Amino acid sequence: MENTVYFIGAGPGHSKYLTLEGLEVLGNCRLVFALSPYPETFRKYLAGKRVENPFNYLFSEIKQEVETALDNGSVGFLVPGDLTVFSPFFSLVEYFGDRSRIIAGVGVINAAAAVVKRTLDLPRVSHSVVLTSPKRIGRDTTGTVLGTLASSADTMVIYMNNRPLPQLMEELAPGFGPGTPVAIVYRVGLDGEKVYRGTMATIADVVGDDDIFGFESGKPSMGIILIGDVLDADPDPSFWDRRKELFWDRERRKD
């Protein structure tokens, strides 16, 4: 079997979010690139492997490192967060082309929604979800763009926040009222996991001086922000009966 470069969805940081396929291919890798805290939280699955921080290398250097390592075995990248959004690894996926495979994992948004026991889509409450990051939008236009996005979505998920919370809430004010529920899930699935709940008007006070976005430490943000009425809304049980009648009963009648 030809050696392969695997980009393995590793979720918010704990190995419990690794899929069975991810676990299988990780076992075949001799060299694994992983950011903190993955070398620690995946320790038992990385035993005996060479583990490197991918951002210790320039792009040209990491390409060569992987090329050399492929002569002796497969190479894995534990991809943090969500493979589908805000992932920095796709230039490597593109470079290795047919020699690479992407292994889906449990993304941060899925894990965070599970922690707060919410679906982000709910009939008559939320039918559109915006995933965004003020860090990616850019410093100069963030307020305008965030306000516009907030006006067009029922629910918003914010990754990698780099704005003080009072400022961020003010920028989102054009789309969400002050009473709109907000939940911030910090260190999803890791030791120290914590959920901050409030509203657009109160969440900054709820968080207080806790450095959940790494402003003081300089470390990467470990908090994901969920905003929308869906966080507090009660689901309408009648939709269960409607689905049963419209879909499942009809399928049975066909049989």
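Let's start inside the fold: Phe77 is part of strand β4, which covers residues 74–79. The model you are looking at is a predicted one. Its chain holds 11 helices and 10 strands, and the points below walk from Phe77 to a helix, then to the surface and the chain as a whole.

**Phe77 and its surroundings**
- Phe77 counts as buried because its relative accessibility is 0%, while the cut-off for buried is under 20%.
- Setting aside neighbours within four places in sequence, Phe77 touches a group of residues that includes Val5, Tyr6, Phe7 and Ile8.
- Also in contact with Phe77 are Phe33, Pro54, Ile62, Val66, Phe89 and Leu92.
- If you would like a sense of distance, try Arg163: the C-alpha atoms of Phe77 and Arg163 are 29 Å apart in space, and the two residues are 86 apart in sequence.

**Helix α6**
- Helix α6 runs over residues 108–115, and its buried residues are Val108, Ile109, Ala111, Ala112 and Ala113.
- An α-helix has 3.6 residues a turn, so residues three or four places apart point the same way.
- Strands are part of what covers the buried residues of α6: the cover includes β6 (129–132), β7, β8 (181–186) and β10 (223–227).
- Following α6 you will find Lys117, with a positive phi near 55°.

**A negative patch on the surface**
- Five residues, Asp121, Asp154, Asp229, Asp232 and Asp234, gather on the surface as a patch of negative charge.
- To find one of them, look at the loop between α8 (142–151) and β7 (155–158), where Asp154 sits.
- Asp154 has a relative accessibility of 32%, so it counts as partly exposed.

**The chain as a whole**
- Along the principal axes, the C-alpha atoms fill a box of roughly 60 × 55 × 30 Å.
- The chain has 255 residues, and 43% of them are buried.
- Taking contacts between residues at least 6 apart in sequence, 68% join residues at least 24 apart.
- The accessible surface is about 13900 Å², with 50% of that area belonging to carbon and sulfur atoms.
- The chain carries 27 positive and 33 negative charges, and the mean positions of these two sets are 4 Å apart.

Key: Residues are numbered from 1 along each chain as its sequence is written. This is a predicted model: local features need pLDDT of at least 70, side-chain atom pairs count only at pLDDT 80 or more; totals for chains, interfaces and linings use all residues. Side-chain values use heavy atoms; hydrogens and water are left out. Helices (H or I, at least four residues) and strands (E, at least two) are DSSP runs, numbered from the N terminus. Buried means under 20% relative accessible area, exposed over 50%, partly exposed in between (1.4 Å probe, protein chains only). Contact means heavy atoms within 4.5 Å. Accessible areas come from the Shrake-Rupley method with a 1.4 Å probe; for residues, only the protein chains shown count as cover. Lys and Arg count as positive and Asp and Glu as negative; His and the chain ends are not counted. The place of a charge is taken as NZ of Lys, CZ of Arg, CG of Asp or CD of Glu. Patches are made of residues with over 30% relative accessible area and no salt bridge: like charges are joined within 9 Å, nonpolar side chains (Val, Leu, Ile, Met, Phe, Trp, Tyr) within 5 Å. A salt bridge is a side-chain nitrogen of Lys or Arg within 4 Å of a carboxyl oxygen of Asp or Glu.
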